[in-house]
Amino acid sequence: MGLFDDEYYGGSGKRRGFSERSPRRGRRRSGGYDANGRRSGGTRAVAFSAILASLLTALLLSGLFAGFVLPRMNTTAISAGANPYDRIVQAAAAVRPAVVSIVSHRTAGDTSPDSAALGSGVIFQKEGGKAYVITNHHVVAGAEELQAVLVDGTSLTAKLVGSDVITDVAVLEISSAKVAAIAQIGDSDTLDLGETVIALGNPLGLGDTLTSGIVSYPKRVMPVSLNEDGVYDWEQQVIQTDAAINEGNSGGALVDLDGRLIGINTMKIASTGVEGIGFAIPINQVMNTAEELLTTGKISRPYLGVYSLDLNNPYAPMDEDQVEELKLPKEVEKGVVVLESLGPAKDAGIQLNDVIVGFDNQSIDSTLMLRKYLYGYKKIGEKMTISYYRDGKKQSATVTLGERPEATQ
């Protein structure tokens, strides 16, 4: 992509009352005499009751102090006195054995460095004799052979279970014989701005590398070019962090201070004068995709069957004579120009140079909106009404959505 690097281009507390009673009169002495020659037993009883009440009150207040105030003071004291880097060390130690380096060989049998692409992955499940690794789609795309290298240097053959270009998530299968740990899955929806995180992976082939930073923004929406042609045709929600993410970190772990996996590193902004802007896919989204890949080996989405170009795309503007050939009314300035019609769209009569402007009475201004509507609101097998212009006249057609072929972007 134009902006992005890394081959994608991320007690009850209740007080008791006390009553003082006058001492009984009798022959038995309860004490000595006062200065006036009178017995002091009554005074002593009152004094004793007062002292007892004071002691019980003090004990009650001590209990309240110990139960409510002291824990807060202890927490503050521990937080203030503890080494803030100790938690980073502990979190790294917990997740480090679950992070692997991914080697993607573009040609089967060719193990030379020049033919290999490097990335990272995270072991998230172990079952029977198999273990499963999460990584990025762009790390394994086009690979004929895959290897996962454990933190101790053990190299294992990896098999692609399934991959999804839209979410940029892939799942690999390896032998679990030497797998010592799996990552603990966290909750990316609870991340706070400024929370400390660590990134682990294989940047530039320097495996077993850790960097640290903070959550710069927990829910950033970034444009993505699925075809890597410089045209942004998808949007992805990501975690923005200033933890260093470099080429090879893709597919690696973004972890909180409890050692829980909260994201999969996927991309960074690579531009002169830009530092510390990296992105990770939130783990809640990743796990939804990973579970479906484990079950079916693919992600099923509805398919319309058009290759398109945005009428007003600033990154790939159409020539004036091309726009004139469309014979659009002057008020039509936005829409999706059909470059090729296949499958369901072709069956519904959609042709080259038709300009799609709506689905089901919803305005469609771009290929991004087209995809978001299809994937967000429609299902395979559903019918959908397409509004479009042909030779300057607005028309409509009904299409029955198919299932997106795996090779179709």
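**Exercise 1. Find the residue in β12 that is the bridge partner of Gln184, then place the strands.**

Solution. Start with the pair: Gln184 has Arg260 as its bridge partner in β12. This is a predicted model. Next, find the strand on the other side: β7 covers residues 184–185. Now count and orient: two bridges join β7 to β12, and the strands run parallel.

**Exercise 2. Describe how β11 and β12 are connected and paired.**

Solution. Step one: β11 spans residues 253–256. Step two: β11 pairs with β12 in the antiparallel sense, over three bridges. One partnership to locate is Val255 with Leu261 of β12. Step three: look at the link. The two strands form a hairpin, with three residues between them. Gly259 sits in that turn and has a positive phi of about 80°.

**Exercise 3. Work out how β12 pairs with β13.**

Solution. First, locate β13 at residues 278–282. Then read the pairing: β12 and β13 are antiparallel, with five bridges. Check a position: Gly278 in β13 stands opposite Lys268.

**Exercise 4. Decide whether β12 is largely enclosed or open.**

Solution. Take the strand, residues 260–268. Apply the cut-off: a residue is buried when its relative accessible area is under 20%. Eight of the nine residues in β12 are buried, so the rest of the structure largely encloses this strand.

**Exercise 5. Classify Leu352 as buried or exposed, and name its patch partners.**

Solution. Locate Leu352 in the loop between α6 (343–347) and β17 (355–359). Exposed means over 50% relative accessible area. Leu352 has 54%, so Leu352 is exposed. Finally, the patch: Leu352, Tyr307 and Leu339 make a nonpolar surface patch of about 310 Å².

How values were computed. Residues are numbered from 1 along each chain as its sequence is written. This is a predicted model: local features need pLDDT of at least 70, side-chain atom pairs count only at pLDDT 80 or more; totals for chains, interfaces and linings use all residues. Side-chain values use heavy atoms; hydrogens and water are left out. Patches are made of residues with over 30% relative accessible area and no salt bridge: like charges are joined within 9 Å, nonpolar side chains (Val, Leu, Ile, Met, Phe, Trp, Tyr) within 5 Å. Accessible areas come from the Shrake-Rupley method with a 1.4 Å probe; for residues, only the protein chains shown count as cover. A salt bridge is a side-chain nitrogen of Lys or Arg within 4 Å of a carboxyl oxygen of Asp or Glu. Helices (H or I, at least four residues) and strands (E, at least two) are DSSP runs, numbered from the N terminus. Buried means under 20% relative accessible area, exposed over 50%, partly exposed in between (1.4 Å probe, protein chains only). Two strands pair if DSSP finds at least two bridges between them.
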